[in-house]
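Biologist: Could you take me through the aromatic rings in this one? I'd like a close look at how they pair up and what sits around them.

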Amino acid sequence: MDLTGYTGIFSLKSFIPDSPISLQKIGALDPSALSFTFTLTPEDTSLASGDYFYNIDISSNTEYKTVVADRFSILDANLK
C-alpha cells in the first residue's frame with residue numbers, strides 16, 4: 001500500500017448531535033511506516049468536561065475513508 005497523495009485528518013466534536021467540529025488537525029505522513037502523526041498541543045486539548053467523538057480519515061483526490069471512529073470522555077477539565 002502507498003499513502004502518497006493521501007491526507008490524514010483528525011476531527012473532534014462534541015457528543016451533542018449536530019455539533020460543529022471542535023478541532024481538526026492534518027497529519028504528517030510517514031510513508032515508511034504507512035502512518036500519519038497528529039500533533040496535539042495543550043491548547044488543542046483544553047476542552048470542557050464531557051463526551052467527544054473523533055474520527056481519523058484519509059483522503060485523496062478521489063477517495064475519502066474513515067479509518068478510526070471512537071468516543072472519549074474528559075472527566076475533569078482544567079481550563080485556564
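Modeller: Here is a walk through the ring pairs and their surroundings. Keep in mind that this is a predicted model.

The structure holds 5 aromatic pairs. Let's start with phenylalanine 15 and phenylalanine 53: their ring centres are 5.1 Å apart and the planes meet at 35 degrees, so this pair is tilted. To count as stacked, the planes would have to be under 30 degrees apart. The two rings come from distant parts of the chain, 38 residues apart: phenylalanine 15 belongs to the loop between β1 (7-14) and β2 (21-26), while phenylalanine 53 is in strand β5 (residues 50-59).

How open are these two, then? Phenylalanine 15 has a relative accessible area of 37%, which makes it partly exposed. Phenylalanine 53 is partly exposed too, with a value of 33%. Phenylalanine 15 also has a charged residue over its face: arginine 71 lies there, 5.2 Å from the ring centre.

Now for the loop that carries phenylalanine 15. On either side of it, β1 and β2 run antiparallel and are joined by 5 bridges. Together they make a hairpin with 6 residues between the strands, and in that turn aspartate 18 has a positive phi of about 60 degrees. If you want a landmark across the two strands, look for lysine 13, which stands opposite isoleucine 21 in β2.

Back to strand β5, where another ring pair begins. Tyrosine 54 pairs with phenylalanine 72; the centres are 6.0 Å apart and the planes are at 50 degrees, so this one is tilted as well. Here, too, distant parts of the chain are linked: tyrosine 54 sits in β5 and phenylalanine 72 in strand β6 (residues 64-74), 18 residues apart. At 29% relative accessibility, phenylalanine 72 falls in the partly exposed class. Both rings of this pair belong to a cluster that ring pairs build from Phe10, Phe38, Tyr52, Tyr54 and Phe72.

One more neighbour of phenylalanine 72 deserves a stop, although it has no ring. Glycine 50 is placed in strand β5 and is partly exposed, at 25% relative accessibility. Leaving aside neighbours within four places in sequence, glycine 50 is in contact with Phe72, Ser73 and Ile74. From C-alpha to C-alpha, glycine 50 and phenylalanine 72 are 8.6 Å apart in space, with 22 residues separating them in sequence.

Note on methods: Residues numbered from 1 in each chain as written. Predicted model: local features only at pLDDT ≥ 70, side-chain atom pairs only at ≥ 80, totals over all residues. Heavy atoms only, no water. Phe/Tyr/Trp six-rings, centres within 6.5 Å; stacked < 30°, edge-to-face > 60°. Helix = DSSP H or I, 4+ residues; strand = E, 2+ residues; numbered from the N terminus. Buried < 20%, exposed > 50% of the residue type's maximum accessible area, 1.4 Å probe, protein only. Lys NZ or Arg CZ within 6 Å of the ring centre and 35° of its normal. Pairing = 2+ DSSP bridges. Contact = heavy atoms within 4.5 Å.
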